[in-house]
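Biologist: Got a minute to go through this one with me? I keep asking how each label was earned.

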Amino acid sequence: LFSRHVNNYLSFHGLAQKLVCAAASPHVLLTRLEAEKEKGTGLYFLDIDLQSDMNGLELAQHIRTMDPRGYIVFITTHGEMAAETFAYKVEAMDFILKDEPENIRDR
C-alpha cells in the first residue's frame, strides 16, 4: 500500500526519482544501502515496530550513519513514540500515524 502511494506520487508529478527498495526486514534495507556504489540522498519511510531484532528507531540510527543527509519519515501506529525520535537523534522529517489513513497519501 505505501509503495503504491510513493509510486503514484512520483508518476503523477513526473519526477525522475524512483522507489529503490521496499522491504519487510530492516536488514534487507541496510544491506541495500551498504551495496549502493553511488549513494544519493534518500527518503526513508519507516515503521517503529518492525517485528525484528531492531526497531524502526534503531534502523533510523543506522541509516543516519550511512546517509547523513537522508530524510526519515515514520509511518506508524505508535504515536506515543514521536518524542523518542529526539532521544535517538535521528532527525525525523515527519511522523505519520497509520490510524489516520486519509492523511498518509496526502502527507
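Biologist: Leaving aside neighbours within four places in sequence, which residues is Ala92 in contact with?

Modeller: Keep in mind that this is a predicted model. With those sequence neighbours set aside, Ala92 touches Ile72, Phe74 and Thr85. Ala92 itself sits in the loop between helix 4 (84–87) and strand 3 (94–97).

Biologist: Why is Ala92 called partly exposed?

Modeller: Its relative accessibility is 29%. Buried would need under 20%, and exposed over 50%. The value for Ala92 falls in between, so partly exposed is the label.

Biologist: And how far is Ala92 from Leu50, C-alpha to C-alpha?

Modeller: The separation is 17 Å, for two residues 42 apart along the chain.

Biologist: Next, Thr76. What makes it buried or exposed?

Modeller: Thr76 has a relative accessible area of 0%. The cut-off for buried is under 20%, so Thr76 counts as buried. You'll find Thr76 in strand 2 (residues 71–76).

Biologist: What joins the side chains of Thr76 and Asp47?

Modeller: A polar contact of 3.1 Å. The limit for such a pair of N or O atoms is 3.5 Å, so the distance qualifies. Asp47 also shows up among the residues in contact with Thr76 beyond four places in sequence, along with Ile48, Phe95, Ile96, Leu97 and Lys98.

Biologist: Where is Phe45, and how do you know which exposure class it belongs to?

Modeller: Phe45 lies in strand 1 (residues 43–46). Its relative accessibility is 38%, between the 20% and 50% cut-offs, so Phe45 is partly exposed.

Biologist: Which residues make the nonpolar surface patch?

Modeller: Leu43, Phe45, Tyr71 and Met93 make it, and the patch covers about 410 Å². Patch members need over 30% relative accessible area, so Phe45 at 38% clears that bar.

Biologist: Zooming out, how do the elements run from the N terminus?

Modeller: The order is α-α-β-α-β-α-β-α, which gives 5 helices and 3 strands.

Biologist: Why is the chain called as compact as a globular protein of its length?

Modeller: The radius of gyration is 14 Å, and the globule rule gives 13 Å for 107 residues; the two are close, so the description holds. The C-alpha atoms fill a box of roughly 35 × 35 × 25 Å along the principal axes.

Biologist: What share of the residues is buried?

Modeller: Buried residues are 29% of the 107. As for the surface, the chain exposes about 7300 Å², with carbon and sulfur atoms supplying 51% of that.

How values were computed: Residues numbered from 1 in each chain as written. Predicted model: local features only at pLDDT ≥ 70, side-chain atom pairs only at ≥ 80, totals over all residues. Heavy atoms only, no water. Patch = residues over 30% accessible without salt bridge, like charges linked within 9 Å, V, L, I, M, F, W, Y side chains within 5 Å. Areas by Shrake-Rupley, 256 points an atom, 1.4 Å probe, with all protein chains shown as cover. Salt bridge = Lys/Arg side-chain N within 4 Å of Asp/Glu carboxyl O. Helix = DSSP H or I, 4+ residues; strand = E, 2+ residues; numbered from the N terminus. Buried < 20%, exposed > 50% of the residue type's maximum accessible area, 1.4 Å probe, protein only. Polar contact = N/O pair within 3.5 Å; in protein donor to acceptor, adjacent residues only side chain to side chain. Contact = heavy atoms within 4.5 Å. Rg over C-alpha atoms; globule rule 2.2 N^0.38 Å.
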